[in-house]
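Visitor: Could you take me through one part of this fold at close range? I'd like to see how the pieces around it fit together.

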Amino acid sequence: MISKRYVEISNLVKSYPNPFGDDFRVVENLNINMFQGEFISLIGHSGCGKSTVLTMLAGLNEISEGGIIVDNKEIDGAGPDRAVVFQAPCLMPWFNAYENVMLGVENVYPHATKQERHEIVEYSLARVGLADSMKKFPKELSGGMQQRVGIARAIALKPKVLLLDEPFGRLDSLTRMELQDVILDIVAQEKLTSMIVTHDVDEAVFMSDRVIMMTNGPLARIGEVMSLHWERPRNRAEILTDPLFFEYREHLLSFLEQRAHLKSHLHDVEDNRQFTNENLLKFSF
Ligand SMILES: Nc1ncnc2c1ncn2[C@@H]1O[C@H](COP(=O)(O)OP(=O)(O)O)[C@@H](O)[C@H]1O
Ligand SMILES: [Mg+2]
């Protein structure tokens, strides 16, 4: 039986210290349960706390109150069972695609043989369509191809949970659609439980089983949850012409619009501010 609580986020709170030394509560009592293989989108205005929730689930950001259980185990820090793809893949420029993926694999599978590690890296790169570009360096790869390496690096860890923080934010719409399909394919095949943070309501509707709409911060909470019942694998052409698609996206857009005038006065955080290459590798140790 599929557990409805494969990922269980309970009463999650995040407070950051502000410059005056006080606690600034960003996320307030958030509860999300995900079943194994479920795909959830988090949407909400900039600065509401989406990345904060995702990075807490990744174990890269300390939990202030509450807890997160993944596959019956309370998380305590980062681990290879939860892989993250950020907006910028942060590849090591002096390593080629193969070596960039190998870096994580060496950390996660120190006891695997050289041949086994080689196979994991090759398989992961082939899985994202880079079979012919393994020896290319980041500067020889387009933005979309670099992000493919980022995805390969994540799936090479053989995670249970895939976390995506605006992974296609910098890509053109065609590349974005190609990569959405790549992700959906992998997620279905590997039965990954996934959470994506996105600004793109079409992306949220097309990819997800549920879309979680967060209210504006501080003290951001879940405003609404929308379930999408289309079958998988999803056919883009069919979905784009389904009248339901327009209803769903209108609903999400109106949720966001209603809150636009309430938009937080706080600045948006520059993405990846806290995530240097060094940090990014943490989850593979
Ligand atoms: N390391 C940090 N220290 C202090 N405040 C932070 C930190 N990271 C994020 N914040 C604040 O928390 C809020 C939520 O940020 P974030 O989770 O990045 O939002 P989102 O991803 O929804 O745009 C913002 O007001 C931001 O300024
Ligand atoms: Mg963010």
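**The sheet edge and its neighbours**

Guide: Let's start at one residue pair: I212 has V225 as its bridge partner in strand 10. This is a predicted model, so keep that in mind as we go. The pair belongs to a longer stretch of pairing, in which strand 9 (residues 210-214) and strand 10 run in the antiparallel sense over five bridges.

Zoom out a little and you'll see that those two strands sit at one end of an open sheet of six strands, ordered 6-7-8-3-9-10, with mixed pairing. Strand 6 (82-85) and strand 10 (222-227) are the edge strands, each of them pairing on one side only. Going from one strand to the next, the twist averages 15°.

Now for what lies on that sheet. Helix 4 packs on it and touches strand 6 and strand 7 (161-165). The direction of helix 4 makes about 175° with that of strand 6.

Helix 4 has a helical partner too. Two packed helices are described by the angle between their axes and the distance between the axes. Here, helix 2 (residues 97-108) and helix 4 (residues 143-155) pack at an angle of about 30°, and their axes are 8 Å apart. With the cut-off for roughly parallel set at under 35 degrees, helix 2 and helix 4 are therefore roughly parallel to each other. The crossing of helix 2 past helix 4 is right-handed. On the helix 2 side the contact is made by A97, N100, V101 and G104, and on the helix 4 side by V149, A152 and R153. Sort the residues of this contact by character and you get four nonpolar, two polar and one charged.

There's another sheet to look at as well. It is open, has four strands in the order 2-1-4-5, and its pairing is antiparallel. Its edge strands are strand 2 (23-34) and strand 5, and each pairs on one side only. Helix 1 (residues 50-58) packs on this sheet, touching strand 1, strand 2 and strand 4, and its direction makes about 115° with that of strand 1.

Within this four-stranded sheet, follow I69. Strand 1 (residues 7-17) and strand 4 (residues 65-70) pair in the antiparallel sense over five bridges, and E8 stands opposite I69 in strand 4. I69 also has a bridge partner in strand 5, namely E74. That pairing of strand 4 with strand 5 (residues 73-74) is antiparallel and takes in two bridges. The two strands form a hairpin with two residues between them, and D71 in the turn has a positive phi of about 50°.

Finally, step back to the whole chain. The secondary structure comes to nine helices and ten strands. Along its principal axes, the C-alpha trace spans about 50 × 50 × 40 Å. A compact globule of 285 residues would have a radius of gyration near 19 Å, and the protein chain has 19 Å, so the two agree.

How values were computed. Residues are numbered from 1 along each chain as its sequence is written. Chains are lettered from A and ligands numbered from 1 in the order in which they are written. This is a predicted model: local features need pLDDT of at least 70, side-chain atom pairs count only at pLDDT 80 or more; totals for chains, interfaces and linings use all residues. Axes are lines fitted to C-alpha atoms, for helices over the stretch in contact, and angles run from 0 to 180 degrees between N-to-C directions. Angles under 35 degrees count as roughly parallel, over 145 as roughly antiparallel, 65 to 115 as roughly perpendicular and the rest as oblique. A crossing is left-handed if the near helix is turned anticlockwise from the far one by less than a right angle, and right-handed if clockwise. Two residues are in contact if their C-beta atoms, placed from the backbone, lie within 7 Å. Ala, Val, Leu, Ile, Met, Phe, Trp, Tyr, Cys and Pro count as nonpolar, Asp, Glu, Lys and Arg as charged, and the others, Gly among them, as polar. Two strands pair if DSSP finds at least two bridges between them. The radius of gyration is taken over C-alpha atoms; the globule rule is 2.2 Å times the number of residues to the power 0.38.
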